[in-house]
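Open the model in your viewer and switch on the cartoon. Keep side chains ready to show. Follow the stops in order.

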Amino acid sequence: MPRMSDFKIDKIRWNVGLIGGGGTGKSTMCSTFPGRIFLADCDDKIAPYVGSDCIYHQFIDKDPSMPRAYKELKMIAQSATQNNGALYVDKDGNVLDPDTGWPLTDGELVPFDVFILDSATGLGRLAMAQALVDDDRKKSPAEGPSEHHYLYEMQRVMQLLDLWKGIPTSRIVTFHWELFEVKRKGAVVDVVHQPLMTGKTKFRMAKEFGEFYHLYTEQEDNKTVHKMYTHRADEVTALTTLGYDITYRDWETDRKSTRLNSSHSRASRMPSSA
């Protein structure tokens with residue numbers, strides 16, 4: 001039986017989620033991960049990775065009427081799993097055939113230390129673009145989404161994230177955030193930050209990762225300081241459940257005593273300056 005003392009920190013396969021607003025350093029933090037990086041860029045933003053040991057592909061639908069990025073990303077995740085964390089890369093750095101959009105099956109088989117999906121919020125846009133084309137109950141994508149399209153999007157996002165978790169390397173997924181108001185008897189009693197995602201999927205995200213970090217910035221001495229909090233997944237579950245039913249919680253009691261008695265409970269609650 002293996003002993004924990006035998007494990008080395010650089011051999012652990014990390015499963016990390018990062019959430020934060022624009023400019024809080026999510027991508028920059030990802031770029032510092034040791035080893036070779038594969039970046040799946042869904043936000044059209046690769047500048048923070050310049051200078052790192054990174055091979056990337058931008059999963060962007062340039063023509064919404066003919067989306068292909070979601071399916072390409074899904075195939076990359078499947079290929080990386082089948083190749084034990086490696087992808088075929090040609091001499092120009094491509095991992096997909098420029099003509100067919102399929103993962104390459106020849107060239108140099110490059111192993112990666114970490115696969116980064118930046119971001120899951122962008123992934124949702126790709127899934128929705130695919131939904132509008134795949135669902136024949138709409139005549140054209142220009143008509144916009146209906147309820148069943150949002151359901152399709154949620155299902156496909158979770159399917160892709162499950163595939164991402166199956167890649168046998170370290171994995172990082174980033175999320176943009178949105179404010180979520182917690183109300184009691186019509187009055188706002190709290191504000192929390194949740195992943196910017198469709199539907200109830202946002203409430204389960206923290207539980208999908210071994211490490212989940214909230215990134216934010218504050219002004220100190222006229223300088224922007226980047227900070228982050230972390231927490232256990234069960235704390236996030238307890239706090240975000242308040243969005244559905246907060247009546248069980250006594251808001252008149254001391255807040256610290258209702259925070260699961262944890263020093264990390266502020267993790268899901270960013271300062272107002274974030």
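Which residue caps the N-terminal end of H3? Select Ser 119: a side-chain oxygen of Ser 119 lies 3.3 Å from the backbone nitrogen of Thr 121. Keep in mind throughout that this is a predicted model.

**Stop 1: helix H3**

Now select residues 120-134, which make up H3. Measure end to end in the viewer. The end C-alpha atoms are 21 Å apart, and 15 residues at 1.5 Å a residue should span 21 Å, so the two values agree.

Next, colour H3 by burial. Twelve of its 15 residues are buried, so the helix is largely enclosed by the rest of the structure. Among the buried ones are Gly 122, Leu 123, Leu 126, Met 128 and Gln 130. What lies over them? Show helix H2 (69-82), strand S6 (114-118), helix H4 (147-165) and strand S7 (170-175): the cover of the buried residues of H3 includes these four elements.

**Stop 2: the nonpolar cores**

Show the largest nonpolar core, a set of 40 residues. Start with Phe 38, Phe 59, Leu 73, Leu 117, Leu 161, Trp 164 and Phe 175, which touch the most other members. Then look at the suppliers. Those giving at least two residues each include strand S2 (37-41), strand S4 (86-89), H3 and S10. H2 gives the most, with six residues.

Zoom in on Leu 73. Beyond its neighbours within four places in sequence, Leu 73 contacts Ala 40, Cys 42, Phe 59, Leu 117, Leu 123, Leu 160 and Trp 164. A second core, separate from the first, holds twelve residues. Select Cys 30, Phe 33, Tyr 49 and Tyr 213 to find part of this second core.

**Stop 3: the sheet**

Hide the helices. Seven strands form an open sheet, and their order is S3-S2-S6-S7-S1-S10-S11. The pairing is mixed. Strand S3 (54-58) and S11 are the edge strands, each pairing on one side only. From one strand to the next, the twist averages 20°.

Pause at Ser 170, in strand S7. Is Ser 170 buried or exposed? Its relative accessibility is 4%, so Ser 170 counts as buried. Leaving out residues up to four places away in sequence, Ser 170 touches Ile 12, Arg 13, Trp 14, Phe 33, Asp 113, Val 114 and Phe 115.

**Stop 4: strand S10 and its partners**

Select residues 211-220, strand S10. This strand is mostly covered, with seven of its ten residues buried. Turn to strand S1 (residues 15-20): S1 and S10 run parallel and are joined by five bridges. Pick out two pairs across them. Leu 18 stands opposite Tyr 213, and Gly 20 stands opposite Leu 215. Tyr 213 has already appeared on this tour, in the second core.

Now add strand S11 (residues 223-230). S10 and S11 pair in the antiparallel sense, over eight bridges. Which residue in S11 is the bridge partner of Glu 218? Select Val 225.

Finish at the turn. S10 and S11 form a hairpin with two residues between them. Click Asp 221 in that turn: its phi is positive, at about 55°.

Key:
Residues numbered from 1 in each chain as written. Predicted model: local features only at pLDDT ≥ 70, side-chain atom pairs only at ≥ 80, totals over all residues. Heavy atoms only, no water. Buried < 20%, exposed > 50% of the residue type's maximum accessible area, 1.4 Å probe, protein only. Pairing = 2+ DSSP bridges. Axes fitted to C-alpha atoms, helices over the stretch in contact; angles between N-to-C directions. Expected span 1.5 Å × (residues − 1). Contact = heavy atoms within 4.5 Å. Polar contact = N/O pair within 3.5 Å; in protein donor to acceptor, adjacent residues only side chain to side chain. Core = buried A, V, L, I, M, F, W, Y, C linked by side-chain atoms within 4.5 Å.
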